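Hi everyone, thanks for letting me take the slot today. Please have the sequence and the 3D view open while I talk, and stop me whenever something is unclear.

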Amino acid sequence: MPESDCEFFEIILDSLSSGIVAIDREGDVVVFNSTASRILGVPKPEALGKKLLAIVPNARLINVLRTGEPEVSLPDVIESRTVMTNRSPIFRNGKLAGAVANFYDITEMNRISRELDSTKGLVR
């Protein structure tokens, strides 16, 4: 068993195929898993504790922090990748405490879909 609950929680997050980024009320990154690091191209140590906008300048997670409203199943383009993103506010004791995003790369799925569409055109 891992040494601490926090370490085990980090192992769980790093096992996910989705990127996970969470920020506190001030917009500082408090969770940044390995998949987020890979997709965003930012090493985890460079992200944790930093302002989200300093590492991801156009991050829409800040909007969720401002509004307290979730954003569900929105496509985003990051570099040459397309990701599907869900963003949610985090409430603690009824007060907005931060926000979290999970996102996954759908680039390959989109490529396959385009191939299937072009194949359908050949069959007709």
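I'll go through the sheet, then the nonpolar core, then the salt bridges, and finish with a couple of backbone angles.

One thing before we start: this is a predicted model, so keep that in mind throughout.

Okay, the sheet. In what order do the strands sit in the sheet? Reading across, it goes β2-β1-β5-β4-β3, so to speak, and that makes 5 strands in an open sheet with antiparallel pairing. At the edges we have β2, residues 29-32, and β3, and each of those pairs on one side only. From one strand to the next, the twist averages 25°.

Let's walk across it pair by pair. Starting at the β2 edge, β1 and β2 run antiparallel and are joined by 3 bridges. If you want a place to click, take V21: its bridge partner in β2 is F32. Hold on to F32, please, we'll be back there shortly.

Next step over, strand β1, residues 19-24, meets strand β5, residues 95-105. How many bridges join them? There are 6, and again the two strands run antiparallel. Here you can look at G19, which stands opposite F103 in β5.

Then comes β5 with β4. These two are joined by 10 bridges and run antiparallel, and one facing pair to find is I90 opposite G98 in β5. β4 and β5 also form a hairpin, with 2 residues between them.

A general point for the first-years: in a regular strand the side chains alternate between the two faces of the sheet.

Now the core. Which residues have the most contacts inside the largest nonpolar core? They are F32 and L52, in a core of 22 residues. Several elements feed into this core: β1, β2, α2 (34-40), α4, α5 and β5 each supply at least two residues. The largest share comes from α5, with 4 residues.

And here's F32 again. Leaving out residues up to four places away in sequence, F32 touches I20, V21, S37, L40, V42, K44, A47, L48 and I55. So V21 turns up twice in this talk: as the bridge partner of F32, and in the list of residues that F32 touches.

You may have spotted K44 in that list too, and that takes us to the salt bridges. The structure holds 8 of them, and I'll show you a few.

K44 pairs with E10, and the closest N and O atoms are 3.3 Å apart. This pair links distant parts of the chain: E10 is in helix α1, residues 5-14, while K44 is in helix α3, residues 44-47, and the two are 34 residues apart. Is each partner buried or exposed? E10 is partly exposed, at 41% relative accessible area, whereas K44 counts as buried, because its relative accessibility is 16% and the cut-off for buried is under 20%.

The other spot I like is around D76. D76 makes a salt bridge with R60, where the closest N and O atoms are 2.9 Å apart. Because D76 lies in strand β3, residues 71-78, and R60 in the loop between α4 (52-55) and α5 (61-67), this pair ties together parts that are 16 residues apart in sequence. D76 is buried, with a relative accessible area of 16%, and R60 is partly exposed at 30%.

D76 has a salt bridge with R87 as well, with the closest N and O atoms 2.4 Å apart. R87 sits in strand β4, residues 81-92, and D76 in strand β3, 11 residues apart. R87 is buried, with a relative accessible area of 4%. Add E71, and you get the whole group: R60, E71, D76 and R87 are linked in a network of salt bridges.

Last bit, the backbone angles. Where do we find N93? N93 is in the loop between β4 and β5, and its phi is near 55°, a positive value in a residue other than glycine. N93 is exposed, with a relative accessible area of 76%.

S73 has a positive phi too, near 50°, and S73 isn't glycine either. S73 is found in strand β3 and is partly exposed, at 42%.

That's my tour. Questions are welcome!

How values were computed:
Residues are numbered from 1 along each chain as its sequence is written. This is a predicted model: local features need pLDDT of at least 70, side-chain atom pairs count only at pLDDT 80 or more; totals for chains, interfaces and linings use all residues. Side-chain values use heavy atoms; hydrogens and water are left out. A salt bridge is a side-chain nitrogen of Lys or Arg within 4 Å of a carboxyl oxygen of Asp or Glu. Buried means under 20% relative accessible area, exposed over 50%, partly exposed in between (1.4 Å probe, protein chains only). Two strands pair if DSSP finds at least two bridges between them. Axes are lines fitted to C-alpha atoms, for helices over the stretch in contact, and angles run from 0 to 180 degrees between N-to-C directions. A nonpolar core is a set of buried Ala, Val, Leu, Ile, Met, Phe, Trp, Tyr and Cys residues joined through side-chain atoms within 4.5 Å. Contact means heavy atoms within 4.5 Å.
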